[in-house]
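Work through the exercises below with the sequence and the coordinates side by side, and try each task before reading its solution.

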Amino acid sequence: MTRTKEDQKELAFAVYWDGRYTVSDGEQPTHEWFKNYSALQPFLTKVIFQDRAPEKNPRILHLGSGDSTVPYDLHKVGYKNQVCIDFSPVVVSLMGARMIPGIDWILGDVRDMQEIPTHSVDVAFDKGTMDAMIYGSPWSPPDDVKENARLYVREVSRVLADDGVFIWITFRQPIHVKPLLIQEDLWSVEVETLQENQYSFEYYAFILRKSKTS
């Protein structure tokens, strides 16, 4: 069923996700958007594991992490300095109750992350969060979409260390979303296509690093 414009707008509000996460058990994800850890592992090996091995103790921030298993999968391979931020009180309470040392849960909005200190993050990871803010025409997005994206990427830039990396996994065509990412010339941008075989759906991995002018 095709979602209406109003349905799409709901995804940017916590109350929508509170309703969805009430059925989560905290173990099996209700929304493992855009590839699971196993499918992403070859890509993550190249952009995270090689340069930021677990023994270096990089700070990893999961942006709007929901009930994804990715933080726990990374924990299993040695990453014990992770923080998950989400604006749904339901999912933060649910996932935080697992009390896994090395994974902290914070209730907050990725557009205004007062809880995260400046330059404190080595890897910022988004798999579907920015997508939830986007609706309408891909060629001419509404003003609130552009403003939400602007606030979001500014906050990620603020919390990210100067040599950090911001990874965004999405299904959206790069030609449509690059303008949202580069509104204020904060990033140098690389894009990789993630496709398991010629018949599988294409996803895109944006690899963003701070530009010298930012």
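The exercises that follow concern a predicted model, and each task is paired with a worked solution.

**Exercise 1. The chain as a whole**

Task: Establish how many helices and strands the chain has, and what share of its residues count as buried.

Solution: Begin with the secondary structure, which comprises eight helices and seven strands. Turn next to burial, where 50% of the 214 residues count as buried. The exposed surface of the chain comes to about 10,600 Å², and carbon and sulfur atoms supply 51% of that area. Finally, consider the contacts with a sequence separation of 6 or more, of which 66% are between residues 24 or more positions apart.

**Exercise 2. The largest nonpolar core**

Task: Find which residues touch the most other members of the largest nonpolar core, and then determine which element gives the most to this core.

Solution: The largest nonpolar core holds 31 residues, and those touching the most other members are L61, L63, M113 and F166. At least two core residues come from each of strand 1 (60-63), strand 2 (82-86), strand 4 (121-127), helix 7 (143-159), strand 5 (160-170), helix 8 (174-181) and strand 7 (203-210). Helix 7, with six residues, gives the most to this core. To see the surroundings of one member, set aside the neighbours of L63 within four places in sequence; the residues in contact with L63 then include I85, V110, M113, A124, Y152, V156 and F166. Another core, of 20 residues, lies apart from the largest one and has F43, Y79, A205 and I207 among its members.

**Exercise 3. A ring pair and its cluster**

Task: Decide whether the rings of F166 and W187 are stacked, tilted or edge-to-face, and locate both residues in the chain.

Solution: The first step is the geometry, in which the ring centres of F166 and W187 are 5.5 Å apart and the planes stand at 50 degrees. Planes under 30 degrees apart would count as stacked and those over 60 as edge-to-face, so an angle between these limits is classed as tilted, and the pair of F166 and W187 is therefore tilted. The second step is location: F166 belongs to strand 5 and W187 to strand 6 (residues 187-194), 21 residues apart, so that the pair links distant parts of the chain. As for burial, F166 is buried at a relative accessible area of 0%, and W187 is buried at 5%. Ring pairs also bring in Y152, which forms a cluster with F166 and W187.

**Exercise 4. The setting of N81**

Task: Determine whether N81 is buried or exposed, and which side chain makes a polar contact with the side chain of N81.

Solution: N81 is found in the loop between helix 4 (70-76) and strand 2. Its relative accessibility is 17%, and because the limit for burial is under 20%, N81 counts as buried. The polar contact of its side chain is with the side chain of R59, at 2.6 Å. Leaving out residues up to four places away in sequence, N81 touches N57, P58, R59, I60 and G102.

**Exercise 5. Two positive phi values**

Task: Locate H119 and D185, and state what phi each of them has.

Solution: Most residues other than glycine have a negative phi. H119, in the loop between strand 3 (103-107) and strand 4, has a positive phi of about 60 degrees although it is not a glycine. D185, in the loop between helix 8 and strand 6, has a positive phi near 55 degrees. H119 is partly exposed, with a relative accessible area of 45%, and D185 is partly exposed, with a relative accessible area of 45%.

How values were computed
Residues are numbered from 1 along each chain as its sequence is written. This is a predicted model: local features need pLDDT of at least 70, side-chain atom pairs count only at pLDDT 80 or more; totals for chains, interfaces and linings use all residues. Side-chain values use heavy atoms; hydrogens and water are left out. A nonpolar core is a set of buried Ala, Val, Leu, Ile, Met, Phe, Trp, Tyr and Cys residues joined through side-chain atoms within 4.5 Å. Buried means under 20% relative accessible area, exposed over 50%, partly exposed in between (1.4 Å probe, protein chains only). Helices (H or I, at least four residues) and strands (E, at least two) are DSSP runs, numbered from the N terminus. Contact means heavy atoms within 4.5 Å. A polar contact is a pair of N or O atoms within 3.5 Å; within protein, one must be able to donate a hydrogen and the other to accept it, and residues adjacent in sequence count only if both atoms are side-chain atoms. Accessible areas come from the Shrake-Rupley method with a 1.4 Å probe; for residues, only the protein chains shown count as cover. Rings of Phe, Tyr and Trp (its six-membered ring) pair if their centres lie within 6.5 Å; planes under 30 degrees apart count as stacked, over 60 as edge-to-face and the rest as tilted.
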